[in-house]
Amino acid sequence: MSASDASLLANIDARTKLAGSNKMEILLFSLGTRETFGINVFKVREVSQTPFVTKTPNMPFGVEGVLSLRGNIIPVISLAKFIGCELAEGGYGTMIVTEFNKSTQAFLVDSVDRIIRVDWDKVRAPENVMNTTQQTLITAVTELDDGKLVSILDVEQILSSVVGEIRLPDVPQAALEEDQYVFFVDDSVVARKEISNVMDKMAIKYHQANNGKEAWDKLQVLANRTWSDSESLHDNLKLILVDAEMPEMDGYVLTRLIKSDSRFSGIPVVMHSSLSSNANRAMGASVGVDAYVAKFDPAVLADTIIPFLQR
């Protein structure tokens with residue numbers, strides 16, 4: 001890693017102070033086109049020059065090969081192929097190594113620019129901003145001071161394309177009452193599908209939202225409806241499952257709002273995030289989450305929420 005690359009990623013753990021601030025930090029990079037892409041800094045382990053990549057047969061689409069990183073063999077993924085960009089002649093000389101969902105992988109990029117800090121309410125869904133192919137791989141967009149758009153990658157979608165869908169194990173059923181349900185929110189299409197599959201297999205009814213702001217609006221409607229009927233929301237809403245990073249409002253701010261509203265008293269909040277480092281767990285604890293689950297392990301998710309549902 002060069003000195004400049006190292007300085008980009010220095011003191012990441014210090015950024016735990018961002019918890020509850022509704023801010024995120026994005027590493028900007030290029031794929032050799034006019035577009036600017038971004039990835040949450042918390043997903044980034046390091047940035048370096050691309051070493052020798054070993055070509056292997058029968059690799060999934062977009063995987064250029066593998067490399068050895070400090071004794072571990074990790075896949076090397078060409079983002080350009082997924083985004084639909086022309087590959088640079090001779091390939092890309094820079095790679096971003098990410099830790100995500102308990103896995104490590106390297107993404108080939110043309111160059112890395114800088115880290116920016118943005119408010120989550122300045123990050124919006126990508127609809128009608130880019131072509132259909134990119135919409136499925138971009139979780140959100142934001143705007144730089146000069147008006148240029150930054151497309152934030154949906155790493156879950158890309159990795160799902162590489163490794164395929166996760167096979168669901170046997171999970172216990174929740175045995176909830178007819179009018180009882182769970183609420184979950186995640187900005188990733190892949191994550192929402194995976195969570196829905198787990199809920200269906202556990203025989204849990206659910207409401208869902210696509211981002212933190214939408215979740216808070218929907219939760220307000222549920223709370224107001226119950227409040228007007230002089231009932232306790234806890235009698236029906238048994239658990240809230242939140243993602244950490246989402247457009248418009250992140251999971252930390254959402255959790256803080258829930259925990260500060262007496263109408264949600266007694267309803268556990270579980271954070272379900274691909275950002276599973278100790279720093280991120282500390283961020284969740286600082287805003288009051290009742291449990292923290294790393295994506296995506298269906299059995300662990302089920303084991304975590306069952307005790308809360310059986311209270």
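1. Two strands are taken to pair if DSSP finds at least two bridges between them. On that footing, S11 and S12 of this predicted model pair in the parallel sense, over five bridges. Within this pairing, Val182 stands opposite Tyr206 of S12.

2. The pair belongs to an open sheet of five strands, whose order is S12-S11-S13-S14-S15 and whose pairing is parallel. S12 and strand S15 (291-294) are the edge strands, each of them pairing on one side only. On average, and with direction ignored, neighbouring strands of this sheet are turned by 20° against each other.

3. Two helices that pack on the sheet deserve a comment here. H5 touches S11, S12, S13 and S14, and its direction makes about 170° with that of S12. Helix H7 (residues 251-259) touches S11, S13, S14 and S15, and the direction of H7 makes about 175° with that of S14.

4. As regards the geometry of H5, this helix covers residues 189-201, 13 in number, and reaches 18 Å from its first C-alpha to its last, which is close to the 18 Å expected at 1.5 Å a residue. At the start of H5, the backbone nitrogen of Val190 has a side-chain oxygen of Ser188 within 3.3 Å. Just after the helix, Ala203 takes a positive phi of about 60°.

5. Which residues of H5 are buried? They are Val190, Ala191, Arg192, Glu194, Ile195, Ser196, Val198 and Met199, a list that includes Val190, whose backbone nitrogen is approached by Ser188 as described above. The packing partners of the buried residues of H5 are, among the strands, S11 (181-185), S12 (205-209), S13 (237-242) and S14 (269-273), and, among the helices, H4 (155-163) and H9 (298-309).

6. A further site to inspect is Asn236, which is found in the loop between helix H6 (212-228) and S13. Is Asn236 buried or exposed? With a relative accessible area of 13%, Asn236 counts as buried, because the term applies under 20% relative accessible area.

7. Where residues up to four places away in sequence are not counted, Asn236 touches Asp179, Gln180, Tyr181 and Glu231. With one of these, Asp179, the contact is also polar, side chain to side chain, at 3.1 Å. A reader checking this loop may therefore wish to view Asn236 and Asp179 together, since a polar contact is a pair of N or O atoms within 3.5 Å and the pair of side chains is placed at 3.1 Å.

Definitions and conventions:
Residues are numbered from 1 along each chain as its sequence is written. This is a predicted model: local features need pLDDT of at least 70, side-chain atom pairs count only at pLDDT 80 or more; totals for chains, interfaces and linings use all residues. Side-chain values use heavy atoms; hydrogens and water are left out. Helices (H or I, at least four residues) and strands (E, at least two) are DSSP runs, numbered from the N terminus. The expected span of a helix is 1.5 Å times one less than its number of residues. Buried means under 20% relative accessible area, exposed over 50%, partly exposed in between (1.4 Å probe, protein chains only). Contact means heavy atoms within 4.5 Å. A polar contact is a pair of N or O atoms within 3.5 Å; within protein, one must be able to donate a hydrogen and the other to accept it, and residues adjacent in sequence count only if both atoms are side-chain atoms. Axes are lines fitted to C-alpha atoms, for helices over the stretch in contact, and angles run from 0 to 180 degrees between N-to-C directions.
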